Structure formats: structure tokens, C-alpha cells
Number of protein chains: 2
Amino acid sequence: MKRTKIIDALNAQAPVEDIRIMGWVRSKRDNKGFSFLALNDGSCLGTIQVIVDHTPEIEAALERTGTGASVAVTGELVESPGKGQKWEVRGKTVEVLGEADQETFPLQKKRHSDEFLRTIAHLRPRTNKFGAMFRMRSRLAQAVHRFFADKGFFYVHTPIITGSDCEGAGEMFRVTSLEAGSREPVENDFFGKPSNLTVSGQLSVEMFALSLGDCYTFGPTFRAENSNTPRHAAEFWMIEPEICFADLADDMDLGEEMIKYLVGHMLDNCAEDVELFAQWVDKSLMPTLETILKEPFERLPYTEAINILKKTKKQFEYPVEWGIDLQTEHERFLCEEKFKKPVYVYDYPKTIKPFYMRMNDDGKTVAAMDCLVPRIGEIIGGSQREERLDVLTARMGEVGLNKEEYWWYLDSRRYGSAPHAGFGMGFERMLMLVTGVHNIRDVIPFPRTPKSLEF
Amino acid sequence: MKRTKIIDALNAQAPVEDIRIMGWVRSKRDNKGFSFLALNDGSCLGTIQVIVDHTPEIEAALERTGTGASVAVTGELVESPGKGQKWEVRGKTVEVLGEADQETFPLQKKRHSDEFLRTIAHLRPRTNKFGAMFRMRSRLAQAVHRFFADKGFFYVHTPIITGSDCEGAGEMFRVTSLEAGSREPVENDFFGKPSNLTVSGQLSVEMFALSLGDCYTFGPTFRAENSNTPRHAAEFWMIEPEICFADLADDMDLGEEMIKYLVGHMLDNCAEDVELFAQWVDKSLMPTLETILKEPFERLPYTEAINILKKTKKQFEYPVEWGIDLQTEHERFLCEEKFKKPVYVYDYPKTIKPFYMRMNDDGKTVAAMDCLVPRIGEIIGGSQREERLDVLTARMGEVGLNKEEYWWYLDSRRYGSAPHAGFGMGFERMLMLVTGVHNIRDVIPFPRTPKSLEF
């Protein structure tokens with residue numbers, strides 16, 4: 001008999017005479033003459049209740065069936081007389097697929113700390129919280145593609161191994177096929193020159209935006225930074241759209257539309273899982289998400305933002321002065337206390353931004369923007385790109401970049417250049433926003449951080 | 001005025017009084033008193049024809065407008081009296097956004113070799129062929145996600161940096177934050193132990209299949225193999241579904257359904273681009289794709305396949321004997337000559353397959369399967385996984401794997417193990433199948449191969 005997923009059984013429209021359910025036992029309750037099993041198969045948060053009358057065969061099977069075991073049950077799907085569930089299964093057969101030794105199985109039915117669950121990242125998706133998390137991660141990633149596909153954007157797989165250091169966005173991992181400690185010259189290495197893991201696909205995706213129009217890349221990016229914080233991982237996923245024939249205002253429009261779409265999509269399609277986080281992880285989750293959906297984002301020039309931060313009575317750890325990069329405390333003040341909604345800060349001083357951002361007419365600022373959201377701080381960082389060859393090469397000279405190495409990038413400004421803009425959104429930050437979870441280690445299946453490469 | 005994409009202008013239902021088109025000039029033809037421009041913006045294969053009457057302003061703009069320049073045209077969308085197009089633009093203004101020096105612009109209107117275009121991979125998406133290729137690549141990747149999302153599969157981002165060598169699937173790249181030639185001990189490296197780029201996400205995705213049910217991963221994978229062939233790249237994308245409570249037959253069903261879905265999706269949604277490849281690249285493309293859509297795939301035990309190969313009069317370079325791994329010549333004979341459609345070969349000798357494949361009752365073969373398609377050979381390789389802890393650990397001992405290192409993988413068989421199966425599909429091979437293109441370098445935006453890391 002074909003297996004029915006538990007999500008489909010729970011959403012059944014009518015009783016089913018013959019049904020086969022397969023899943024993991026969350027709990028077993030024995031009574032005189034019959035037992036209850038609560039089964040979960042990961043297809044949804046809920047469990048389905050199975051009632052089986054004791055026969056010698058079934059008792060033998062139940063003997064081997066503790067929390068964590070996997071079983072196949074055949075029986076009848078009937079309306080449940082019990083509270084809290086519409087349907088239950090009257091089991092006729094129980095087959096044990098895989099036992100779970102109750103002495104050593106680490107996920108007994110009790111609450112476990114996030115820290116403990118990180119040490120068993122291979123089993124934690126079997127818990128309610130992490131099952132919900134990774135269903136939501138999946139849904140969010142698929143929604144990113146759907147958003148762009150529906151808007152006619154092209155998905156570009158930008159390279160992971162790169163020979164350029166892109167924007168100096170951070171410390172890079174080296175990639176090599178030489179043995180550790182080898183003194184062979186780089187010419188003998190796989191690529192014959194230094195190679196690294198990408199920190200951003202932007203420069204590559206710009207080439208495609210300047211050919212195909214609206215594009216995006218969505219892939220893993222890397223930072224070899226030795227920072228052990230709840231916000232940093234060595235490997236994370238980034239979404240980087242790049243839109244052609246577009247300016248900074250278009251860029252901010254796209255970011256706002258995207259965040260609203262993703263939040264709405266999760267509320268519409270993952271209601272049960274979102275509810276778990278709203279109830280157990282972050283009581284302010286729902287109001288935060290509703291504000292994001294409903295309110296137009298504030299758009300604030302950097303210079304005005306600095307004035308607001310200087311005028312407030314609030315004491316900051318980092319002093320505020322025109323020219324500084326905003327710290328998380330400043331960002332959170334603006335969106336959580338001052339405006340109480342997402343805020344775009346734009347037109348930043350050129351001195352704190354990379355070479356490829358478009359110079360404004362004032363000669364002091366560039367057409368950069370950051371989108372700040374409550375609890376997270378910066379969730380999007382982007383800019384209009386410098387499309388003027390002469391301005392771009394002058395900027396590269398200023399910051400000491402080797403023009404020969406970027407010949408291909410400059411070619412795009414040499415031949416049919418066009419105004420374009422784009423941004424990067426940290427996928428994990430977006431997931432932290434919609435779940436209320438604070439530690440990036442708890443939103444990544446198998447997180448990679450300094451000295452931590454288990455699984 | 002808001003820009004209209006050329007794909008939308010070409011598909012207009014009615015004339016448009018005020019329209020703004022932005023794109024790259026594919027050609028310009030000057031006549032007495034007026035000029036024609038053919039504009040492409042990458043949104044589709046086609047160009048839109050623009051006619052502008054000469055005024056001093058327009059003549060000045062046209063002066064700076066050669067092939068490859070980017071322009072913004074405003075005007076009126078009207079029915080075209082000319083042949084081959086329904087709509088054209090009567091231009092009122094022409095603004096040059098970016099010139100293209102006609103002396104040096106490498107994409108003058110003539111045919112270029114694939115080899116030459118690889119040296120300007122940053123510009124090649126502006127050609128018809130590579131524009132079509134990368135629109136199709138995007139569409140195919142998005143279709144993969146749609147296929148799985150619609151079936152309730154969960155997308156798992158399995159790690160790119162890994163501490164295990166997975167299946168010994170191939171040579172791995174090392175990842176390090178130590179400087180080249182450094183003799184520091186591995187304890188001082190970022191992760192404190194040897195770390196590599198993944199060759200497969202399978203072992204990780206199995207953990208999720210044994211928690212959430214049907215899952216898949218779709219991400220970049222790497223091989224540090226020094227093979228300069230048209231079929232190998234150091235970095236490529238792989239799709240790896242893993243289905244729980246499933247056996248080898250379910251696995252083959254899924255692969256067949258997926259290939260048929262992807263081929264059908266491309267024919268339905270990229271007709272114009274597919275047509276380009278059918279006309280200019282591979283005359284047999286359409287019949288091949290139609291056979292895949294229409295015919296049930298052959299399913300052939302390995303032992304029978306060997307018998308067929310031994311009996312045929314065809315001479316092979318590699319001699320055929322029970323126990324050998326099939327070579328491309330054998331694979332292509334089976335699907336191109338013998339069955340003339342896709343063929344699954346299954347139940348391979350255990351000696352040529354990795355440790356995690358499920359042992360069959362004969363003790364000699366494992367529940368492995370490869371899907372062979374015309375021109376490409378193997379496009380899918382998969383298996384039912386060994387879910388029995390004792391059989392699995394015995395196999396690991398046989399092949400000399402360190403059980404301690406795989407403690408987490410074995411845990412999944414220790415606690416609530418269940419039958420499951422999965423496969424890997426090379427995304428680039430699938431793209432080569434639906435385009436007829438023979439060289440993997442021509443289906444990857446910026447390919448990485450030995451000694452080649454440009455862009």
C-alpha cells in the first residue's frame with residue numbers, strides 16, 4: 001500500500017478505509033488492552049494519533065517501539081473522538097522499521113537547550129523547533145526563487161572559487177589542491193594562481209545584468225573571520241539581485257517588495273511553524289512581521305540619520321559623527337525606537353563604502369543604501385553601481401586596486417555600459433527575522449564557525 | 001517614463017502611445033532621412049526594431065551608437081509593416097547610455113567560435129547563443145525548485161566546507177585560512193582540522209530525509225581532478241534528492257518523473273531558446289527530447305546489461321566482463337543503439353560502488369542505479385541506502401572507513417532508521433541534454449577548469 005504523508009492524513013476531507021502511515025514515534029502511551037502512538041514524519045509540525053488494540057503481534061511490535069523509533073502503521077483513518085485533532089488512525093498492523101535504544105537515544109521527550117541540540121545537529125530536525133526551522137528555511141529559499149522567477153529575473157550561478165578578491169568584503173579562505181605545508185610554487189597549484197572562496201557574487205552577476213537585464217544570484221558565500229558571535233558564520237547563503245537600467249530608488253523599491261513578499265509568503269504558507277516561534281521563541285514576532293507587511297519603509301539620507309542620532313538623548317557606546325559607519329546600536333535605535341519600522345539609510349560617505357558604488361554629485365557620498373530591520377539591524381546592503389568608466393577607474397586608483405586584474409569588469413563599462421543597481425541580502429538574517437531566532441547557528445543545517453566543522 | 005522590457009513589447013496586445021525601451025544595439029542601418037536600430041535587452045532572444053527620423057539631436061545620438069552600445073528610446077509602439085515582426089517602435093528620442101568603441105568591441109555582428117567566446121565569458125551572454133543558454137540555465141534551475149516544492153520536498157542547504165571525505169567520490173580541494181606554504185599545524189587552521197570542499201551533499205541530506213521525509217539539496221560541488229575534457233569542470237552544480245520510506249524502484253520513478261518534468265517545462269517555457277539550439281547546435285535535439293517525454297525509461301539489471309553488451313557485434317574499446325564499471329561507450333550503446341531511449345541500469349556489483357549503497361540478498365550486488373541518456377551517458381546515479389546498522393558498519397570495515405569519524409551518520413541508523421533512497425543529477429549534464437551543447441565550459445557562466453580561473 002502506498003504511504004500517505006501525515007500532513008495529507010491530517011488534512012483529509014473524508015475517512016480513508018485503508019491507509020499506511022510511516023514516521024517516528026514521538027510518544028507511546030499504553031493502556032489496558034490498547035496503546036496510543038503519536039507519529040511524526042516531518043511533513044508538518046503535527047503528529048497523528050494512532051490507536052492499536054493489543055494482539056500478540058502488536059504487543060511484540062510495541063515492545064520494540066519507544067520514542068524515536070520508526071514504524072509503519074496500516075489501518076483506517078477515522079474521525080477522532082478526542083480533543084485537539086480531527087483525524088486519528090485505528091491501526092491494524094504495526095511494523096518496526098528502526099528501533100531507538102531508550103537508554104541512549106538523546107531526544108527523549110523533554111525540552112533540550114539550543115546549545116545541546118547543536119551538538120547533535122544531525123538529529124535536531126527531529127524536534128518540533130528544528131523541524132519547523134528547517135521546513136521554514138526550505139520554504140523561504142524556494143520563495144526567493146519564486147519571487148524572482150515570477151518577476152522575470154534570471155538566476156545566475158556565480159562562481160564559488162574565485163581568483164579576484166571582489167570588494168575586499170572580508171577575509172577569504174584559500175582553496176588549493178597542494179598538500180598542507182607544501183612549498184610548491186602557486187604555478188603548480190590546480191588553477192596555477194591564488195584561488196579563494198567567494199565573498200560575494202556581485203561583480204559576476206553585474207556582467208549578466210549588463211547582458212540579460214534583471215538577474216540574481218543565490219548561493220553560498222564565505223568569510224574566514226575569526227569572530228565567534230551569534231551573528232557570524234564562516235559559510236552562509238546570500239541573495240544578490242542586480243537590476244539593469246535602474247537607479248538607487250529602484251533598488252530600494254525592489255528590496256522592500258522582496259522583504260514584504262517573503263514575510264507574507266511565510267505567514268500564508270508556514271502558519272503553523274511560524275506560530276511555534278511566535279509562541280515559544282519571540283513574543284514580538286507577529287507584531288514585527290505585521291508592521292513590515294503593512295508600513296512603507298522609511299527612507300532616510302545618511303546625513304539626516306546622523307543628525308537624528310546626534311540629537312537623541314540616548315547614550316551610545318560608539319560616538320556619532322558624520323563619516324562613521326553605523327553600528328548595530330545605531331541601526332536598531334533608528335528602526336526600533338525612532339521609526340518603529342524598517343528604515344533605509346542611503347547616500348553614505350564614500351570613505352566607508354567599496355569602490356564600485358556610484359559617486360553622487362556632491363563628491364562626498366555614494367548612492368549606497370542599507371535596509372535596517374528591528375532586532376536584526378542591517379538585512380540588506382546595496383547600491384547603484386558606478387557605470388561611468390572614468391569615475392570608476394579613478395576610484396579604483398584611489399583605493400589601490402589593480403586595474404589589470406579587473407579588465408573584464410571594466411570592459412562592461414567600456415562597451416554598452418548602463419545604469420544598474422543591486423543589493424545583497426543575508427539569507428540567514430532573513431530567516432532569523434521571520435523566526436525570531438537569535439543565533440545564526442540555529443538557522444543553518446550544519447553551521448561552520450571557528451574551530452567547529454563537525455558533521 | 002517606466003521602461004518596458006522588450007519581451008513585453010514584442011508580446012503586446014495593442015499599440016502603446018508612449019513607450020520607453022532600453023537595451024543594447026545589435027545593428028544599425030542608416031537610410032536617407034531615417035535609421036533602423038535592432039535592440040535587444042536580454043529579456044528574450046528577439047530584438048525589437050526601432051525606426052527614427054533624422055533630426056539634429058537624433059543624428060548626434062546615432063553618431064555615437066554602434067553595435068554593442070546601450071540606448072534608451074522613447075516613442076510609440078505600432079504595428080510593423082515589415083515582415084517577421086508584429087510590432088516596432090517609432091522612436092521620438094534616442095539617448096546613448098553607454099557607447100561601444102567599434103574598433104575594439106569584440107562582439108561585432110558575425111559568428112564567433114565557442115572557443116573565442118570563452119575568452120570573453122563576461123560578454124558572451126550578449127550573443128544570441130549564450131543569451132539563450134543562460135536564460136535556459138536560469139529557467140532549468142528554477143524549474144528544479146518548482147518540481148520539488150510542488151511535491152512537498154524540503155530544500156536543504158548542505159555544507160560546502162566539509163570535514164569528511166564523504167564517499168571518496170573524487171579528489172578534493174583543501175580549504176584553509178593559513179598562508180600558502182605555511183608550516184603551521186592544522187590545529188592553528190580556521191577549523192582546527194583538515195577541511196575540504198564538498199564532493200556531494202548526500203550524507204548530510206540523508207540526515208534530513210530521516211527527519212523531515214522527502215528532501216533535496218541543490219548546490220555547488222567540487223572535484224580537484226586534473227582532467228581537461230569537455231565533460232569535466234572543477235566546480236559544478238548537483239541536484240541530490242533523498243526520499244524516506246522509499247526503495248530503489250521509488251528512486252527510479254522519481255528520477256524519471258523529474259527528467260520528464262524538466263524537459264517538458266523547458267519545451268513549454270523556453271520554446272524560442274530551445275529552437276535556437278535545435279536549429280544551430282544539434283539537429284537531433286527535438287527528437288531526443290520528444291522520446292524522453294514520451295517513452296517509459298527502460299529498466300535493466302546490470303547483469304542483463306552486461307549480457308547484452310557481450311552479445312552485440314559492436315567492438316568496444318574497453319572489454320566487457322561482469323564486474324566492470326560501464327564506460328561511456330557502453331552506456332551510449334545501450335541508450336542510443338539498443339533501446340533508443342533512456343535506460344536505467346540497476347543492481348551493480350558491490351565492488352564498484354560506495355559503502356552506503358544497500359546490499360542485495362545475493363551478497364554480490366547493491367541496490368544502485370544509473371540513468372543513461374542519449375549523447376550524455378550517465379545523467380543520474382543513485383541507490384537505495386543501507387539502513388541496517390550491522391550491514392553498514394561491516395561494509396565500512398571492508399572498505400577501510402573510520403567508523404568514529406562517521407559517528408553522526410551511523411547514529412541515523414542507530415535511532416529510528418528507515419528505508420530510504422536518493423540520487424545525484426549533474427545539473428550541467430541536464431542542461432547539456434536540453435540544449436545539445438557538448439562542452440561543459442559552454443553551459444557554466446564562468447567555468448573553472450585546470451589552470452583556468454579567469455573572471
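## Exercises on two interfaces in a predicted model

In this predicted model, 52 residue pairs are in polar contact between chain B and chain A, both residues of each pair being at pLDDT 80 or more.

**Exercise 1.** Describe the side of chain B that touches chain A, beginning with the element that gives the largest share of its residues.

*Solution.* Begin with the secondary structure: helix H4 of chain B, residues 128-150, supplies 12 residues, the largest share of the side that touches chain A. Next sort that side by class, which gives 53 nonpolar, 34 polar and 26 charged residues. Then turn to the contact as a whole, to which chain B and chain A each bring 113 residues. Finally consider the area buried between chain B and chain A, which is about 9000 Å², with 62% of it given by carbon and sulfur atoms.

**Exercise 2.** How many salt bridges are counted between chain B and chain A, and how far apart are the closest N and O atoms of A:Lys5 and B:Asp214?

*Solution.* The count between the two chains is four salt bridges. For the pair named in the task, the closest N and O atoms of A:Lys5 and B:Asp214 are 2.9 Å apart. The cut-off for a salt bridge is 4 Å between a side-chain nitrogen of Lys or Arg and a carboxyl oxygen of Asp or Glu, and therefore a Lys and Asp pair at such a distance qualifies.

**Exercise 3.** Do the strands E8 of chain A and chain B run parallel or antiparallel, and how many bridges join them?

*Solution.* Locate strand E8 in each chain at residues 174-176; the two strands run antiparallel and are joined by three bridges. Within this pairing, A:Val175 has B:Val175 as its bridge partner.

**Exercise 4.** Describe the interface between domain 1 and domain 2 of chain A.

*Solution.* First set the bounds, which are 6-98 for domain 1 and 124-442 for domain 2. The centres of these domains, taken over C-alpha atoms, are separated by 46 Å. Their contact takes eight residues from domain 1 and seven residues from domain 2.

Now examine the buried area, which is about 600 Å² between the two domains, with carbon and sulfur atoms giving 44%. On the side of domain 1, A:Trp24, A:Arg26 and A:Leu45 lose the most area to domain 2, and together they make up 74% of what that side buries.

Last, look for polar links: the count of salt bridges between the domains is zero, whereas four residue pairs are in polar contact, both residues being at pLDDT 80 or more. By class, the side of domain 1 that touches domain 2 has three nonpolar, four polar and one charged residues.

How values were computed. Residues are numbered from 1 along each chain as its sequence is written. Chains are lettered from A and ligands numbered from 1 in the order in which they are written. This is a predicted model: local features need pLDDT of at least 70, side-chain atom pairs count only at pLDDT 80 or more; totals for chains, interfaces and linings use all residues. Side-chain values use heavy atoms; hydrogens and water are left out. Contact means heavy atoms within 4.5 Å. Buried area is the accessible area (1.4 Å probe) that two parts lose on being put together, summed over both. A polar contact is a pair of N or O atoms within 3.5 Å; within protein, one must be able to donate a hydrogen and the other to accept it, and residues adjacent in sequence count only if both atoms are side-chain atoms. Helices (H or I, at least four residues) and strands (E, at least two) are DSSP runs, numbered from the N terminus. Ala, Val, Leu, Ile, Met, Phe, Trp, Tyr, Cys and Pro count as nonpolar, Asp, Glu, Lys and Arg as charged, and the others, Gly among them, as polar. Two strands pair if DSSP finds at least two bridges between them. Domain bounds come from an automatic or database domain assignment.
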